[in-house]
Amino acid sequence: MTEIQTRRGEAWLSTANVRPTRQRVALASLLVGDGHDRHVTAESLYAAVCDAGEKVSLATVYNTLRAFCSAGLMQEVTVDGTRSYFDTNMADHPHFFWESSSELTDAPADELEISRLPEPPAGMEIASVDVVIRLRAKSS
């Protein structure tokens, strides 16, 4: 990782008052170091941090991603009951899930239109609405 990537990672952590441990800075640098938003799984981030020569366990990656979510730095997007992605783009936006490659990408928010939501049960309020549009190749 370059010094610029590391500084961006440290700055990102400081926006949420997250203590910048060596491992957190390494993960943050991979997530935001180039200035682009990312959709990662814990496994893909673990592979990237290992490729970068850092010593981090997969459990630490999971725990750190959840801490970043709790701090408001990223959001978790659940595609199905067993697959979670972590997104550094905190703006409300829909996602495309590409079934053939298991990739999650941003979908154009300006093309999504939700005209009405159901009333929540008594005593409850809607916290968020997640939109994941699953894509597959057309069958002939």
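Against which helices do the buried residues of α1 pack? In this predicted model, the buried residues of α1 pack against α2 (residues 22–32) and α4 (residues 58–70). The residues concerned in α1 are Gly9, Trp12 and Leu13, each of which is buried. Because they cover an arc of only 100° around the axis, these three residues lie on the same side of α1. An α-helix has 3.6 residues a turn, so residues three or four places apart point the same way. The length of the helix was also examined: at 1.5 Å a residue, the 12 residues of α1 (residues 3–14) should span 16 Å, and the end C-alpha atoms are 16 Å apart, in agreement with that expectation.

Two of the buried residues of α1 reappear in the interior of the model. The largest nonpolar core comprises 20 residues, and those with the most contacts inside it are Trp12, Leu13, Leu31, Leu65 and Phe68. At least two residues of this core are supplied by each of α1, α2, α3 (residues 42–51) and α4, while the largest share, six residues, comes from α2. In soluble globular proteins, nonpolar side chains tend to be buried together. When neighbours within four places in sequence are left aside, Leu31 is in contact with Trp12, His36, Arg38, Val40, Leu45, Leu65, Phe68, Met74 and Thr88. A second, separate core consists of five residues, among them Val79, Tyr85, Phe97 and Leu104.

Val40, one of the contacts of Leu31, also takes part in strand pairing, with Phe86 in β3 as its bridge partner. Here β1 and β3 pair in the antiparallel sense over two bridges. The two strands belong to an open sheet of three strands in the order β1-β3-β2, in which the pairing is antiparallel. Because β1 (residues 39–40) and β2 (residues 75–80) stand at the edges, each with a single partner strand, one side of each is left without a neighbour in the sheet. Strands of a sheet pair through backbone hydrogen bonds, either parallel or antiparallel.

The loop between β3 (residues 83–87) and β4 (residues 95–98) contains His93. At a relative accessibility of 15%, His93 counts as buried, because the cut-off for burial is under 20%. Its side chain makes a polar contact with the side chain of Asp87 at 2.8 Å, and the side chain of His93 makes a further polar contact with that of His95 at 3.0 Å. Not counting residues up to four places away in sequence, His93 touches His39, Gln75, Asp87, Asp106 and Ala109.

Thr105, which is placed in strand β5 (residues 103–106), has a side chain in polar contact with the side chain of Trp98 at 2.9 Å. Apart from its neighbours within four places in sequence, Thr105 is in contact with His39, Pro94, His95, Phe96 and Trp98. Trp98 is likewise listed among the contacts of Leu135, which, with neighbours within four places in sequence left aside, are Phe96, Phe97, Trp98 and Glu99. Leu135 itself lies in strand β6 (residues 132–135) and is partly exposed, with a relative accessible area of 24%. The C-alpha atoms of Leu135 and Cys69, which are 66 residues apart along the chain, are separated by 26 Å.

Definitions and conventions: Residues are numbered from 1 along each chain as its sequence is written. This is a predicted model: local features need pLDDT of at least 70, side-chain atom pairs count only at pLDDT 80 or more; totals for chains, interfaces and linings use all residues. Side-chain values use heavy atoms; hydrogens and water are left out. Helices (H or I, at least four residues) and strands (E, at least two) are DSSP runs, numbered from the N terminus. The expected span of a helix is 1.5 Å times one less than its number of residues. Buried means under 20% relative accessible area, exposed over 50%, partly exposed in between (1.4 Å probe, protein chains only). The arc is that of the directions from the helix axis to the C-beta atoms. Contact means heavy atoms within 4.5 Å. A nonpolar core is a set of buried Ala, Val, Leu, Ile, Met, Phe, Trp, Tyr and Cys residues joined through side-chain atoms within 4.5 Å. A polar contact is a pair of N or O atoms within 3.5 Å; within protein, one must be able to donate a hydrogen and the other to accept it, and residues adjacent in sequence count only if both atoms are side-chain atoms. Two strands pair if DSSP finds at least two bridges between them.
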